[in-house]
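Colleague: I'm new to this one, so could you walk me through a single part of it up close? I'd like to look at where the ligands sit.

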Amino acid sequence: MNSVAISACQISASIGNHLILQGVDLQLPAGRWTSIVGPNGAGKSTLLKVLAGLLPGASVQGEVQLLGRPLAQIPARERARQFAWLGQNEGSADDLSSYDVAMLGRLPHQAWLASPSAADHAAVEQALRTTQAWDWRHRPLSQLSGGERQRVLLARALAVQAQVLLMDEPLANLDPPHQTDWLHTMRALVDAGGTVVSVLHEVSLALQADNMVVMAAGRVLHQGACDAPDTHAALEQVFDHRIHVRHLDGMWMALPSIHRHNKTREIDA
Ligand code: ADP
Ligand code: MG
């Protein structure tokens with residue numbers, strides 16, 4: 001599939017009089033997983049919010065299109081069915097049970113004040129089982145560890161069964177086995193035709209996506225395939241050559257580059 005799920009044309013965004021994104025052009029292919037990487041403060045979270053239509057229109061210039069339609073012309077409720085969202089450090093109603101939190105993902109599918117349908121319950125069960133959160137479905141969010149909580153919030157996003165899944169640092173607090181599970185879940189979603197966009201700090205995991213967007217200082221420096229040499233070069237450059245991309249065990253990985261002067265300091269200490 002080569003169609004474009006989300007396109008952004010000449011996006012600028014400001015908060016107050018602080019310009020946060022400048023002249024961003026993007027084409028995110030449908031049925032693919034794209035990861036967005038870059039240093040802290042590069043504008044990744046802001047860009048993701050612009051793509052989801054979550055920043056007030058007044059602070060954004062340029063146009064975002066979802067499957068060829070301007071986002072601004074898609075009614076809010078339809079947009080909420082098309083985009084599933086998992087925000088960074090997201091708060092949620094802490095006294096709700098995990099099950100009810102996941103059920104919030106079904107709101108855009110439900111008629112006003114209607115009770116959840118069998119399809120809603122099925123979607124919630126499937127999502128909670130996928131993130132292995134089913135066992136604590138009766139427990140309130142406030143009683144879960146950070147990683148357990150994150151898996152419930154991921155289940156809420158999966159329960160939307162949206163065309164496009166947007167996630168900001170979804171691996172926060174997840175232990176390595178659950179990071180691996182997450183990777184398999186993303187791959188299964190794109191294999192089923194979904195479009196996944198994730199902001200990730202874990203560069204080695206970000207390299208397992210299909211495509212990568214490299215950002216710095218409010219701009220997109222590069223977008224390309226995760227296995228392309230020019231993507232690796234952009235990645236090493238944006239992180240000041242403090243990482244090296246290497247092929248290990250059939251995968252591209254980002255390894256820390258240890259410089260000689262660091263060694264000297266270690267010996268001194
Ligand atoms: P990233 O997710 O890449 O770390 P963000 O998109 O969160 O970056 O932020 C980009 C820049 O915008 C940062 O310099 C940040 O300080 C600034 N910024 C983000 N949100 C706000 C806000 N609400 N008010 C003022 N500045 C903000
Ligand atoms: Mg961020």
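How far is an oxygen atom of ligand 1 from a polar backbone atom of Gly-41?

Modeller: Keep in mind that this is a predicted model. The distance you asked about is 2.8 Å, between an oxygen atom of ligand 1 and a polar backbone atom of Gly-41. Gly-43 also uses a polar backbone atom, which is 2.9 Å from an oxygen atom of ligand 1. With Lys-44 it's the side chain that takes part: one of its polar atoms lies 2.8 Å from a ligand 1 oxygen. On its own, ligand 1 has 560 Å² of accessible area, and the protein covers 57% of that.

Now zoom out to the whole shell. Ligand 1 is surrounded by Ile-15 and Ile-20, followed by Pro-39, Asn-40, Gly-41, Ala-42, Gly-43, Lys-44, Ser-45 and Thr-46. Sorted by character, that shell has four nonpolar residues, five polar ones and one charged. Helix H1, covering residues 44-52, gives the most to it, with three residues.

Ser-45 is worth a second look, since the magnesium ion, ligand 2, comes in here. Ser-45 coordinates the ion through OG and Gln-88 does so through OE1, at 2.1 to 2.6 Å. Ser-45 lies in helix H1, while Gln-88 is in the loop between strand S6 (83-86) and helix H3 (98-104), so the pair ties together parts that are 43 residues apart in sequence. As for Gln-88 itself, this residue is partly exposed, with a relative accessible area of 33%.

Key. Residues numbered from 1 in each chain as written. Chains lettered and ligands numbered in written order. Predicted model: local features only at pLDDT ≥ 70, side-chain atom pairs only at ≥ 80, totals over all residues. Heavy atoms only, no water. Near = heavy atom within 4 Å. Polar contact = N/O pair within 3.5 Å; in protein donor to acceptor, adjacent residues only side chain to side chain. Areas by Shrake-Rupley, 256 points an atom, 1.4 Å probe, with all protein chains shown as cover. Helix = DSSP H or I, 4+ residues; strand = E, 2+ residues; numbered from the N terminus. Nonpolar A, V, L, I, M, F, W, Y, C, P; charged D, E, K, R; others polar. Donors = N, O, S within 2.8 Å, 3.2 Å for Na, K, Ca; no water. Buried < 20%, exposed > 50% of the residue type's maximum accessible area, 1.4 Å probe, protein only.
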